[in-house]
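User: I'd like a close look at one part of this protein, the strand pairing and what sits around it. Could you walk me through it, and then take in the pockets and a buried spot elsewhere?

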Amino acid sequence: RDTLAESGLTFTYEVVVIRLKNSNNYLRALSVTEGAIAPTFDKEHNNYSLTVEPHIKSLTITALPEVETSNVSIIGNNNFTIGENTVTISTTAEDNSTNDYIITVTKEGSDNNYLSSLSVKNGETELLTTFNKETPTYEINVGNEVTSVDVTGTLEDNLSTVEGLRTYNLSTGNNTITVKTDNYTGYTLGI
């Protein structure tokens, strides 16, 4: 505002107002659909735990910032293995300050990671004639007309998980197929 002094001079005063960036990097809510985190969520507490069943590979997480100008990112929420897994929920405020909430996810496993059956078929023809759950490697010779095989199996314990049961296209020469259950190194099929 301009003011006129008795001397007739004009003075101008300028006021600068600086609005600081928001520094609130807290969450107002944190939950998962696969169970209840422990302890109960408190924005001031940063470490939580959760135990999940063997088939869980990631969590469905709801993480809401206390202030809308804050950003939330989630790291480590995929491909859980048996044992402890770490999921980090990071909240970044408008001023770039961060606050990390950690969920230690313990994925349960089974002591029995064997298959009770393993089958390798081409159409209706069974190619694996004998299976022993404690034998990890099998060699199967097939004719050139066999271009694909179906690999199926059954877990002894449904708390375990299995990977590699599917249809495989074969190329000429050696084809290695691995069927893996939880912590067990797996069964190897050389075709």
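Analyst: Here is a walk through the paired strands, then some single residues, then the pockets.

Keep in mind that this is a predicted model.

Let's start with strand β9, which covers residues 115–122. β9 runs antiparallel to β12, and six bridges join the two. If you want one pair to click on, take Leu118, whose bridge partner in β12 is Gly153. β9 also pairs with β10, a strand of residues 125–126, again antiparallel but with two bridges. Here Lys121 has Glu126 as its bridge partner. The hairpin of β9 and β10 has two residues between the strands, and Gly123 takes a positive phi near 65 degrees there.

Now cross over to β12, residues 148–155, where you'll find Thr152. Thr152 sits 35 residues from Ser117 in sequence, yet their C-alpha atoms are 8.1 Å apart in space. Beyond its sequence neighbours, Thr152 is in contact with Ser117, Leu118, Ser119 and Leu165. So Leu118 turns up twice: as the bridge partner of Gly153, and among the contacts of Thr152. Is Thr152 buried or exposed, or partly exposed? Its relative accessible area is 44%, and buried means under 20% while exposed means over 50%, so Thr152 counts as partly exposed.

Arg166 is a good next stop. You'll find Arg166 in the loop between β13 and β14, the latter being residues 167–169. Leaving out neighbours within four places in sequence, Arg166 is in contact with Val149, Asp150 and Val151. Arg166 is partly exposed too, with a relative accessible area of 48%. For a sense of distance, the C-alpha atoms of Arg166 and Ser110 are separated by 23 Å, with their positions 56 residues apart along the chain.

For a buried spot, go to Asn99 in strand β8, residues 98–107. Its relative accessible area is 12%, and the cut-off for buried is under 20%, so Asn99 is buried. What does its side chain meet there? One polar atom of the Asn99 side chain lies 3.4 Å from the backbone oxygen of Asn25. The side chains of Asn99 and Tyr101 are also joined by a polar contact of 3.3 Å. Setting aside residues up to four places away, Asn99 touches Asn25, Tyr26, Lys43, Asn46, Ile89, Ser90 and Thr91.

Tyr101 leads on to another residue, as Thr88 touches Tyr101 as well. Thr88 belongs to strand β7, residues 83–92. The other residues Thr88 touches, not counting those up to four places away, are Ser73, Ile74, Ile75, Asp100 and Ile102. At 18% relative accessible area, Thr88 is buried.

Finally, the pockets. The largest pocket has a volume of about 230 Å³. It is lined by 13 residues, with Phe80, Thr81, Thr161, Glu163 and Asp182 nearest its centre. Two elements give two or more residues to that lining: β13, through 162–163, and β15, through 176–181. By class, the lining has three nonpolar, five polar and five charged residues.

The second largest pocket holds about 180 Å³ of space. Among the residues lining it are Val142, Gly143, Asn144, Leu170, Ser171 and Ile191. Its lining counts four nonpolar and seven polar residues, with no charged ones.

Definitions and conventions
Residues numbered from 1 in each chain as written. Predicted model: local features only at pLDDT ≥ 70, side-chain atom pairs only at ≥ 80, totals over all residues. Heavy atoms only, no water. 1 Å grid on protein atoms, 1.4 Å probe; cavity = no way out; pocket = protein on both sides within 12 Å on 5 of 7 lines; lining within 4 Å. Points joined across faces, edges and corners; volume = space filled by probe spheres on them. Helix = DSSP H or I, 4+ residues; strand = E, 2+ residues; numbered from the N terminus. Nonpolar A, V, L, I, M, F, W, Y, C, P; charged D, E, K, R; others polar. Buried < 20%, exposed > 50% of the residue type's maximum accessible area, 1.4 Å probe, protein only. Contact = heavy atoms within 4.5 Å. Pairing = 2+ DSSP bridges. Polar contact = N/O pair within 3.5 Å; in protein donor to acceptor, adjacent residues only side chain to side chain.
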